[in-house]
Amino acid sequence: MAVTPDTGDMARVTANFRQYLMGWGAELSAWGDPDHYRSGLAQPQFNGVVRLRSLDVVEESMATARARLAGVPWWWWVGPDSPAGTADALTALGAASLGAVPLMTRSLDDAEVTEEPPPGLRVEEVGEGGRLRELVRTYSASMGVSPSLEDGVVRVEAGRADNKDIVRLAAVLDGKVVGTTVVIMAHEVAGIFLVHVAEAYRRRGVGGALTTAALRAGRERGMHLAALGASPMGEPLYRRFGFEAVAEYHLFSGPRA
């Protein structure tokens, strides 16, 4: 069951979420209502709508999104920063529900929780060198992103306007990147994204090591709250680290024009 969040905390969390997603907008971003972004990559995770400001303009906003995102697959995220009734309005306009993602938070002012990494594993910060490509390759494989998009994803990652706010972490074992996470430090929130572990290395403590490192990075940079969208596989892990569900993001596929 979701706990009742502080209004100010929720505003900061959703602002962090919007900044991260809209940072994929290498081609266009921040066009107005709705808030949306376009990487140009043929993968729905990297194009979409992240907030509708007013339900009064939902039809016009859908038309705008269809026009601006024509030619690429995209998703529409409906979170606690969208008006009540947005999900029903999108369904009426032909959008298809893809399910809900729990939004979880944890205070970084509380006692630290850690898990011991597997023997030989280290978590290191990734810059713009070769490890960035390895990081992209690892999370892309876990997400089902085509290898043909690797160059494009690396280009967008390296060219984000907010890279000063981002810490990329790679779990490295025997010289190979086996897990990833990306943490955006913005709005006093450490937003944790792209937590992925290569299939052959799952259930070995890699996810716990990455979560420990992400929370520590947030504390070291003066953030007071950590937030993430949890997958069914990841939610039990995050609860062990003290995260609690505070809301949901409902995800819709963008209808074709």
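**Entry 1: around W77**

I began with W77 and looked up its neighbours, leaving aside residues up to four places away in sequence, and I found that W77 touches F17, L21, Y37, V49, V50, R51, S82, V101, Y249, H250 and L251. I note here that the model I am reading is a predicted one.

**Entry 2: the nonpolar cores**

I then asked which residues have the most contacts inside the largest nonpolar core. They are Y20, W24, W77, Y139 and V153, and the core as a whole has 41 residues. When I looked up where these residues come from, I saw that helix α1, residues 7-22, supplies the largest share of this core, namely 6 residues. Apart from it I found another core, which has 21 residues, including A190, I192, M223 and L228.

**Entry 3: salt bridges, beginning with D35**

I turned next to charged side chains and recorded that the structure holds 18 salt bridges. One of the pairs I looked up is D35 with R53, where the closest N and O atoms are 3.1 Å apart. I traced both residues along the chain: D35 belongs to strand β2 (residues 35-38), whereas R53 sits in the loop between β3 (47-51) and α2 (58-68), so that the pair, 18 residues apart, links distant parts of the chain. Is D35 buried or exposed? I put D35 down as buried because its relative accessibility is 5%, and the cut-off for buried is under 20%.

**Entry 4: E157 and R168**

I looked up a second pair, E157 and R168, whose side chains meet in a salt bridge with an N to O distance of 2.7 Å. This pair also links distant parts of the chain, with E157 in helix α5 (residues 150-159) and R168 in strand β7 (residues 166-173), 11 residues apart. I checked each partner in turn: E157 has a relative accessible area of 1% and is therefore buried, and R168, with a relative accessible area of 8%, is buried as well.

**Entry 5: R239 and E235, and a network**

My last pair was R239 and E235, which form a salt bridge with their closest N and O atoms 2.9 Å apart. Both residues lie in helix α7 (residues 235-240), and they are 4 residues apart, which is about one turn of the helix. I wrote R239 down as partly exposed because its relative accessibility is 37%. Finally, I noted that R122, E124, R131 and E134 are joined into one network by salt bridges that share partners.

Notes. Residues numbered from 1 in each chain as written. Predicted model: local features only at pLDDT ≥ 70, side-chain atom pairs only at ≥ 80, totals over all residues. Heavy atoms only, no water. Core = buried A, V, L, I, M, F, W, Y, C linked by side-chain atoms within 4.5 Å. Buried < 20%, exposed > 50% of the residue type's maximum accessible area, 1.4 Å probe, protein only. Helix = DSSP H or I, 4+ residues; strand = E, 2+ residues; numbered from the N terminus. Contact = heavy atoms within 4.5 Å. Salt bridge = Lys/Arg side-chain N within 4 Å of Asp/Glu carboxyl O.
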